[in-house]
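Please open the structure in a viewer and keep the selection tool at hand. The tour below proceeds from the whole chain to individual elements.

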Amino acid sequence: MSAEGPPAPAGPRRLPGRPLVPVRTKTGVVLLHDEASGNAYTVRLKLTKEVLTIQTQDVICVSASNCSANHRTVTLRRQPVGGLGLSIKGGAEYKVPAVISKVFKGHAADQTGMLFTGDAVLQVNGINVENATHEEVVHLLRNAGDEVTISVEYLRKVPSFLKLPLGSPGPPSAHSSQASSPLFDSGLHLNGSSSHTAPSSPPSPIANEPKYEKRWLDAWSVPLSMARISRYRAGAETLRPDAFQVVALDGVSSGLLQFPSTQEHAGWLRAVSANISDLTLQTMEMTNKCCSPCEQVVHMGWVSERLEEADRSQTFRPTFLALKGPSLYVFCTPPVSILDWVRAEKTYNLCEVLFKVDKPQLPDACCSCANLGFRDPDFGDQGPHCFSVLVGRGGSHSFSVELGSELAEWEARFQRATFMEVQRTGSRTYVCSWRGRTLCLTVDFALGFTCSDSRTKNVLWRYKFSQLKGSSDDGKGRVRLLFQNLDTKEIETKELEFQDLTAVLHCVHSFMAAKVASVDAAFMDSQNVTRKFMHSS
């Protein structure tokens, strides 16, 4: 096999047709799901150009250098109206301490400025209650007398099933009652009187008394350069609904982020993906400065690869793909230097592979819209959005991406990279045989098909691409090509046998498509299945 052609054209430093993605900055409150324990905790996300930061709430001391926010001891004076001015949830029966679930504005707990929603109650009048049940803690607080000393510590991981509010202290309500339940607010503000008279005036502040505030603090950050997003459960083919995790190149993970609605999930997924894509584009441009025009990176990024196990079950693994120069590269981890490109898990010549958008099962209404196989008419991002890469000897890889826009980008860039490679190489020659005679078939961008004797180099026949009217093969190595004679208009049949027929057929497809694209500028867009569906929707 040989490859010859004209000198390669200079590659562009910035890919034409690819819009610059605006940097997304975004904040929002979500649940961080701990799959080991099954609990979920409230966190806040802060997205910037290069980093996704996970923030957790904590109580900090803002007025004194020697005060401790982790462990606070507070003395409350029970008021005739409003009692202690707080409610609690939780207890040992739910494997969490009793937690302050409400602090009522203007009442005893609020007046101290030292108690907050989410504080775990550790002691009541010196009695340790960390392992006490909900009912035991309520009983102690209600019968502790008019002056109650409690020790608290902010519980950074409050299970979401307690449904604690994130806002400021609110007014008391009649919903809380004398009956206690670990999952409902047990009110400690309705002692004896239900009249809604104004609470007593707050005490005068003591000089140098420490002041506390509840704030969102940075817990950890996930660098977005070369990061990946995944919605698959570990080692499984099932998608997590309205959830994803972001994993950095160094392995740092955001954890599983659960969003309150499909709309918010989609918004965050697009925003994080956009920033990752923008950083990937910058990495590509830096790489291309060190590469020759024939070895430019056209596109690269993370995908999920579907693997079939021995028992025919399916799993997914993260895989990094790159379209660079003449090849499709398959990596386990992204290349971060020029030297890393030699450690690809697999490499395929772009002329000998075929990109195919997969068609999942759809409702009839969606199929009738464009008959293209995506999940809904507005091209929503429920995912996964799948494509296959067919390689030589009948092999294939099945991949998926999280967004429809990513699938459209992969399809367009794959076409572009293949057409560029066809124009660079100009021709490809394959050894073949027929009836014991060794031959060579050359697929040439300018001339079409040429068959010659491998020993004498004598040309046996030649046809233009436009003369090919059909083909068939036996699924092994033999192919029958049907050409139309330009003079007689009759069909002439040529049969050949190849060691790797699949690679030859893919090469013929690539050269013919590139030939059409060279005379019809709109051909590439017309062949983009994903983009056609997006436009029609």
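The stops that follow give a selection and then describe what is found there.

**The whole protein**

Begin with everything displayed, bearing in mind that this is a predicted model. Eight helices and 29 strands are present in the protein. Of its 537 residues, 47% are buried. The protein exposes about 26000 Å², and 51% of this area is supplied by carbon and sulfur atoms. Among contacts between residues at least 6 apart in sequence, those joining residues at least 24 apart account for 60%.

**Colouring by confidence**

Next, colour the model by pLDDT. The average over the protein is 83, and 79% of the residues score at least 70. Now select residues 1–20, over which pLDDT stays under 50. For this stretch the model has 51 contacts beyond four places in sequence. A further selection is residues 173–178, where pLDDT again stays under 50 and the model has 13 contacts beyond four places in sequence.

**A stop in strand β7**

Select residues 96–103, which form strand β7, and centre the view on Val103 within this strand. Is Val103 buried or exposed? Its relative accessibility is 4%, so Val103 counts as buried, the cut-off for that class being under 20%. Add Gly85 to the selection: this residue lies 18 residues from Val103 along the chain, while the two C-alpha atoms are separated by 6.1 Å.

**The seven-stranded sheet**

Move on to the sheet whose strands follow the order β19-β18-β17-β16-β22-β21-β20. This sheet is open, and its seven strands pair in antiparallel fashion. Which strands are the edge strands? They are β19, residues 346–349, and β20, residues 354–357, each of which pairs on one side only. Looking along the sheet, one finds neighbouring strands turned against each other by 35 degrees on average, direction ignored.

Within this sheet, select β16 (residues 297–308) together with β17 (residues 314–324). How many bridges join β16 to β17? There are 11, and the two strands run antiparallel. For a single position in this pairing, display Leu307, which stands opposite Thr315 in β17.

**The helix across the sheet**

Finally, add residues 404–425, which constitute helix α5. Helix α5 lies across β16, β17, β18 (327–331), β19, β20, β21 (385–390) and β22 (396–401). To view the crossing, keep helix α5 and β16 displayed: the helix runs at about 120 degrees to that strand.

Technical notes:
Residues are numbered from 1 along each chain as its sequence is written. This is a predicted model: local features need pLDDT of at least 70, side-chain atom pairs count only at pLDDT 80 or more; totals for chains, interfaces and linings use all residues. Side-chain values use heavy atoms; hydrogens and water are left out. Two strands pair if DSSP finds at least two bridges between them. Helices (H or I, at least four residues) and strands (E, at least two) are DSSP runs, numbered from the N terminus. Axes are lines fitted to C-alpha atoms, for helices over the stretch in contact, and angles run from 0 to 180 degrees between N-to-C directions. Contact means heavy atoms within 4.5 Å. Buried means under 20% relative accessible area, exposed over 50%, partly exposed in between (1.4 Å probe, protein chains only). Accessible areas come from the Shrake-Rupley method with a 1.4 Å probe; for residues, only the protein chains shown count as cover. pLDDT is the predictor's confidence in each residue, from 0 to 100.
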